[in-house]
Amino acid sequence: MTKRNMMTSFVRFAGLYVARLSLTGRRHTEVIGTGAWAFATARAFPLRRIIATDLTPPDVPTPSNVTFMRSNAEENWTFNESFSFIHGRMLSSGIRDWPKLLAQCFRHLEPGGLLELLDLCHPFQAENLLAATEPSELPTSDFLHWGRTAERCWAVNGLDYRATEKHVARLQELGFEDIKEDTFRWPLGSWPEDEWEASLGELNFRNFTTFITTAGTTIIRQDPMYTEEEAQKLVDAALKDLEENHLTRKFFLIM
């Protein structure tokens with residue numbers, strides 16, 4: 001059985017997926033995660049049957065060629081069919097048992113089928129700062145420090161934000177073939193010289209500052225060693241650093 005995996009990001013392409021395949025036929029595609037991608041793909045390929053899974057169904061009308069199933073991807077899959085394409089994105093915030101998830105993807109792909117995973121990989125980076133490579137090393141900015149602390153707090157809750165670094169070995173062990181891993185820079189702020197990348201960075205900057213403002217303290221408080229006051233202090237310092245220094249320190253994320 002030949003199965004291929006494409007592990008990449010949507011940052012540097014204009015389409016809905018990166019894998020080199022055609023979705024114009026009537027074969028099945030399964031989506032793990034938010035229904036937004038499934039709905040957009042369904043509209044682009046109306047003959048394609050898409051099965052989307054997530055814990056909470058989206059509160060929007062469902063296209064006729066989409067079947068939405070309320071499901072936890074980490075539980076045993078109950079599909080009676082195989083898929084030509086399985087697409088998952090931004091799953092690090094919810095997956096605790098990656099070996100089980102990848103094994104289920106392997107079992108439910110038809111011969112020659114593809115698996116595509118798109119996700120964020122820690123640590124946060126800055127072009128004009130030397131980012132630490134180990135969690136024990138002290139980052140050189142409050143924003144990078146918040147990222148390190150958040151990563152440790154997620155780990156307390158069983159989440160591995162460096163899981164993408166282990167994907168290739170795990171996929172090889174399962175029997176996947178033709179594995180490809182692409183890495184892209186996701187800028188935070190309009191500092192890149194490239195116009196398209198600067199526009200992307202501005203959007204990312206707004207989204208990420210909102211994310212830290214609304215969820216930053218809650219994330220840090222997942223580790224009981226931090227008090228509410230300590231967590232808020234870390235968040236305030238990170239936001240100040242990001243807002244005041246993103247153009248000069250050139251922060252970015254790795255996808």
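Biologist: How do the residues of the lining of the largest pocket divide into nonpolar, polar and charged?

Modeller: Bear in mind that this is a predicted model. The pocket has a volume of about 350 Å³, and 16 residues line it. Sorted by type, the lining comes to 10 nonpolar, 5 polar and 1 charged.

Biologist: And which residues of that lining are the closest to the centre of the largest pocket?

Modeller: Start with the elements: strand E7 (121-126) and helix H5 (195-220) each supply at least two residues of the lining. H5 gives the most, with 4 residues. As for the centre of the pocket, the closest of the lining residues are Met90, Leu120, Trp186, Phe208 and Phe211.

Biologist: Met90 caught my eye too. What is phi of Met90 near?

Modeller: Met90 sits in the loop between strand E5 (83-89) and H2. Its phi is positive, though Met90 is a residue other than glycine. The value is near 50°.

Biologist: Back to E7, then. Which residue does a cis peptide bond join to Pro123?

Modeller: Pro123 is found in strand E7, and E7 is one of the elements that supply at least two residues of the pocket lining. Omega of the cis bond is about 5°. The partner of Pro123 in that bond is His122.

Biologist: On to the helices. Is H2 parallel or oblique to H4?

Modeller: Helix H2 (residues 98-107) and helix H4 (residues 164-174) have their axes 10 Å apart and pack at an angle of about 45°. Angles under 35 degrees would count as roughly parallel, and 65 to 115 as roughly perpendicular. Because the angle fits neither range, H2 is to H4 oblique.

Biologist: Which residues of H4 make the contact with H2?

Modeller: The crossing of these two helices is right-handed. H2 brings Trp98, Pro99, Leu102, Ala103 and Phe106 to the contact, and the residues of both sides divide into 7 nonpolar, 1 polar and 1 charged. On the H4 side, the contact is made by His167, Arg170, Leu171 and Leu174.

Biologist: What about H3 and H6: is the crossing left-handed or right-handed?

Modeller: Helix H3 (residues 142-156) and helix H6 (residues 228-249) pack at about 135°, with axes 7 Å apart. The two are therefore oblique to each other. As H3 passes H6, the crossing is left-handed.

Biologist: How many residues of the contact of H3 with H6 are charged?

Modeller: H3 contributes Asp142, Phe143, His145, Trp146 and Thr149, while H6 contributes Leu234, Val235, Ala237, Ala238, Asp241 and Leu242. Of these, 7 are nonpolar and 2 polar. The charged ones number 2.

Terms used: Residues numbered from 1 in each chain as written. Predicted model: local features only at pLDDT ≥ 70, side-chain atom pairs only at ≥ 80, totals over all residues. Heavy atoms only, no water. Axes fitted to C-alpha atoms, helices over the stretch in contact; angles between N-to-C directions. Parallel < 35°, antiparallel > 145°, perpendicular 65-115°, else oblique. Left-handed = near helix turned anticlockwise from the far one by under 90°. Contact = heavy atoms within 4.5 Å. Nonpolar A, V, L, I, M, F, W, Y, C, P; charged D, E, K, R; others polar. 1 Å grid on protein atoms, 1.4 Å probe; cavity = no way out; pocket = protein on both sides within 12 Å on 5 of 7 lines; lining within 4 Å. Points joined across faces, edges and corners; volume = space filled by probe spheres on them.
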